[in-house]
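Me: I've got a model open and I'd like to learn how to read it. Could we start with the aromatic rings?

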Amino acid sequence: MSEAVIERPPAPSLISRFIGVITSPKATFEKIVAAPRVGGALALVALIGALAIGGFLSTDVGKQAWIDQQVTATEAWTGQPMSDAAYAQQEKISQYAGYMGAAQMLISIPIMALIIGGIMYAIFNAMMGGTATFKQVMAVVAHSQFISALAFIVTTPINFIKGSMAGSTNLAVLFPMLDESSFAARLLGMMDLFALWWLFVLAIGLGVLYRRKTSSVAMVLFGIYAVIALGVAGYLSSRGGA
């Protein structure tokens, strides 16, 4: 007697997965973990990020926004105003900001996905006894970043209109009365709506993969995020500055 052949349904297309992660994440991740794919998802997110950021920073508005961000970041971390010579140097570098921004997206997105995938694999496999393969974990992480791609699409036009690279979807914008250098303002500035959405979608994907409740996985992820946000906000507020 011949053994019965179990035919799996064909994996959904990349575009179907993109739409599914946004509109119906649980059902989509069930299909993703059954036939894990990584490269296409990461390439799509990196391409969208490169086009959005690179295109914005290639405009005059974007170049000035890039300079303003460099000044703000430098003064926030050093606690000292940027010198005229350093500012002039940033103006020269800004002519290549578009290329640098696009290259950064193409390089950093896959690297960050690999780091996050490694951390999730260590937590849920090594520490919590899960049995998922690393490829499955990476597939979940890569597809969860479709939320980041959506963030690029939504926030880039907003930043162009504002003429700023400052976050336009974080909770700090709801409290303009707060001192920008205060701990509360820094902490709320770390609470980006798209980042929180991404974490929730990642929790759904990991919950499907490891057969755990989304709420329990979300508690782990949001706990890690909260620790990082508190640490960064505490450091920046202690430094003062812009």
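Reply: Sure. This is a predicted model, and a search through the whole structure turns up 5 aromatic pairs. One of them is F124 with Y210, a stacked pair.

Me: What are the centre to centre distance and the angle between the planes for F124 and Y210?

Reply: The general idea is that planes under 30 degrees apart count as stacked. For F124 and Y210 the angle is 20 degrees, with 5.3 Å centre to centre.

Me: Which helices do F124 and Y210 lie in?

Reply: F124 belongs to helix 6 (residues 97-127) and Y210 to helix 10 (residues 193-210), so their pairing ties together parts 86 residues apart in sequence.

Me: Is F124 buried or exposed? And Y210, buried or exposed?

Reply: The cut-off for buried is under 20% relative accessible area. F124 is at 1%, so F124 is buried; Y210, at 11%, counts as buried too.

Me: Now a loop residue. Where is Q145, and what does Q145 touch?

Reply: Q145 sits in the loop between helix 7 (134-144) and helix 8. Its relative accessible area is 7%, so Q145 is buried. Leaving aside residues up to four places away in sequence, Q145 touches L42, V45, I109, A113, I116 and W198.

Me: And A166, where is that one?

Reply: A166 is in the loop between helix 8 (146-162) and helix 9 (183-190). Partly exposed covers the range between 20% and 50%, so A166, at 43% relative accessibility, is partly exposed. Try following A166 to T72: they are 94 residues apart along the chain, with 9.7 Å between their C-alpha atoms.

How values were computed: Residues are numbered from 1 along each chain as its sequence is written. This is a predicted model: local features need pLDDT of at least 70, side-chain atom pairs count only at pLDDT 80 or more; totals for chains, interfaces and linings use all residues. Side-chain values use heavy atoms; hydrogens and water are left out. Helices (H or I, at least four residues) and strands (E, at least two) are DSSP runs, numbered from the N terminus. Buried means under 20% relative accessible area, exposed over 50%, partly exposed in between (1.4 Å probe, protein chains only). Contact means heavy atoms within 4.5 Å. Rings of Phe, Tyr and Trp (its six-membered ring) pair if their centres lie within 6.5 Å; planes under 30 degrees apart count as stacked, over 60 as edge-to-face and the rest as tilted.
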